[in-house]
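The following exercises are meant to be worked with the sequence and the model in view. Each task is followed by a solution in steps.

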Amino acid sequence: MKRVKLIVAYDGTNYHGWQVQPNGETIEGVLNRTLSSLLGEKIVVTGASRTDAGVHSMGNVAVFDTKSRIPAEKISYALNQRLPEDIVVQKSEEVPADFHPRHCDSRKTYEYRILNREFPLPMYRNNTYFCYRKLDLEKMQQAAEYLRGEHDFKSFCATAAVVETTVRTIYELTVSRQEDIITIRVTGNGFLYNMVRIIAGTLLQAGMGMIEPEEIKTILAAKERSTAGPTAPAQGLTMIGIEYL
């Protein structure tokens, strides 16, 4: 028996998120089914991030255990021949038996992309959020400053989430613009349910002038979901990757 790690990229548009569920196709479900067929044994993968419906990834991590004699580094090639074109394994490798993608210390990076112009562009409809209102990039950057570091992010967590602690550390949080695309890039030691999308929704409010950047301090202190901005739509969010420490 060996443990194999996969780095998985996918366009989440046509999926009901990562985690297997009874009401629709998921990334995890496709991987389980395809790996089981390829290796001739029942395979159940464990993912690092249970991304929501419509969310994309360039580098989610999953592991599974197998008795197969196929070299771990060759599994990606065989798997990609069987997967749909919107899911592609970027790498496969053997890892120690005790490696767990969610329990090992790591730094996760996400990007939220906003198309900010008068009219939408069809080619961006699946991987950006369209906002026609002019956004003040400087105010978004100023608001982002208050979110860096270790904080209790309870105000930036979906109310249905059940976690031991809502304290998280954000190492980097930048807001940049290239032509019509505004990119919010965030790296942290872990993220609460919908946390990045709520951060994006709140920074959008700052960019629209609905809140002042310094109000972020009050929102953090409140520890109340209703004080933060809306949860930004899923299609603008992409998991960039995970660095294990």
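**Exercise 1. Determine the sign of phi at Gly40, and describe the helix that comes just before this residue.**

Step 1. In this predicted model, Gly40 follows directly after helix α1 and takes a positive phi of about 70°.

Step 2. Helix α1 covers residues 27-39, which makes 13 residues. From its first C-alpha to its last, α1 reaches 18 Å, close to the 18 Å expected at 1.5 Å a residue.

Step 3. Of the 13 residues of α1, 10 are buried, so the helix is mostly covered under a cut-off of under 20% relative accessible area. Among them are Ile27, Val30, Leu31, Leu35, Leu38 and Leu39, together with Glu28 and Asn32.

Step 4. The partners of these buried residues are β1 (2-10), β3 (56-66), α2 (72-80) and β4 (87-95).

**Exercise 2. Find the residues other than glycine that are described here as having a positive phi, and state where each is found.**

Step 1. As background, most residues other than glycine have a negative phi.

Step 2. Glu179 is not a glycine, yet its phi is positive, about 55°. Glu179 is found in the loop between β8 (167-178) and β9 (181-188). With a relative accessible area of 72%, Glu179 is exposed.

Step 3. Lys223 also has a positive phi, near 50°. Its place is the loop between α5 and β10. Lys223 counts as partly exposed, at 42% relative accessibility.

**Exercise 3. List salt bridges of the model with their closest N and O distances, and classify the partners as buried, partly exposed or exposed.**

Step 1. The count for the model comes to 12 salt bridges. Three of these are treated below.

Step 2. Glu145 pairs with Arg148, the closest N and O atoms being 2.6 Å apart. Glu145 has a relative accessible area of 48% and is partly exposed; Arg148, at 27%, counts as partly exposed as well.

Step 3. Glu93 pairs with Lys91, with the closest N and O atoms 3.8 Å apart. Glu93 counts as partly exposed at 26% relative accessibility, and Lys91 counts as partly exposed at 41%.

Step 4. Lys223, already met in the previous exercise, pairs with Asp152, and here the closest N and O atoms are 3.9 Å apart. Lys223 lies in the loop between α5 (215-222) and β10 (237-244), whereas Asp152 lies in strand β7 (residues 149-152), so this pair ties together parts that are 71 residues apart in sequence. Asp152 is partly exposed, with a relative accessible area of 22%.

Step 5. Salt bridges that share partners join Lys5, Lys91 and Glu93 into one network.

**Exercise 4. Describe the surroundings of Gly207 and of Lys67, and decide for each whether it is buried or exposed.**

Step 1. Gly207 lies in helix α4. Because its relative accessibility is 4%, Gly207 counts as buried.

Step 2. Leaving out residues up to four places away in sequence, Gly207 touches Lys134, Leu135, Asp136 and Met140. The C-alpha atoms of Gly207 and Met140 are separated by 5.1 Å, although the two residues are 67 residues apart along the chain.

Step 3. Lys67 is placed in the loop between β3 and α2. Its relative accessible area is 64%, and Lys67 is therefore exposed.

Step 4. Setting aside neighbours within four places in sequence, Lys67 is in contact with Met1 and Glu41. Lys67 and Glu214 are 147 residues apart in sequence, and their C-alpha atoms are 55 Å apart in space.

**Exercise 5. Characterise the largest pocket by volume, lining and residue class.**

Step 1. The volume of the largest pocket is about 1,100 Å³.

Step 2. Its lining consists of 35 residues. Ala48, Arg50, Phe191, Leu192 and Tyr193 lie nearest the centre of the pocket.

Step 3. Two elements, β5 (106-116) and α4 (195-208), each supply at least two residues of the lining.

Step 4. Sorted by class, the lining has 15 nonpolar, 12 polar and 8 charged residues.

How values were computed
Residues numbered from 1 in each chain as written. Predicted model: local features only at pLDDT ≥ 70, side-chain atom pairs only at ≥ 80, totals over all residues. Heavy atoms only, no water. 1 Å grid on protein atoms, 1.4 Å probe; cavity = no way out; pocket = protein on both sides within 12 Å on 5 of 7 lines; lining within 4 Å. Points joined across faces, edges and corners; volume = space filled by probe spheres on them. Helix = DSSP H or I, 4+ residues; strand = E, 2+ residues; numbered from the N terminus. Nonpolar A, V, L, I, M, F, W, Y, C, P; charged D, E, K, R; others polar. Expected span 1.5 Å × (residues − 1). Buried < 20%, exposed > 50% of the residue type's maximum accessible area, 1.4 Å probe, protein only. Contact = heavy atoms within 4.5 Å. Salt bridge = Lys/Arg side-chain N within 4 Å of Asp/Glu carboxyl O.
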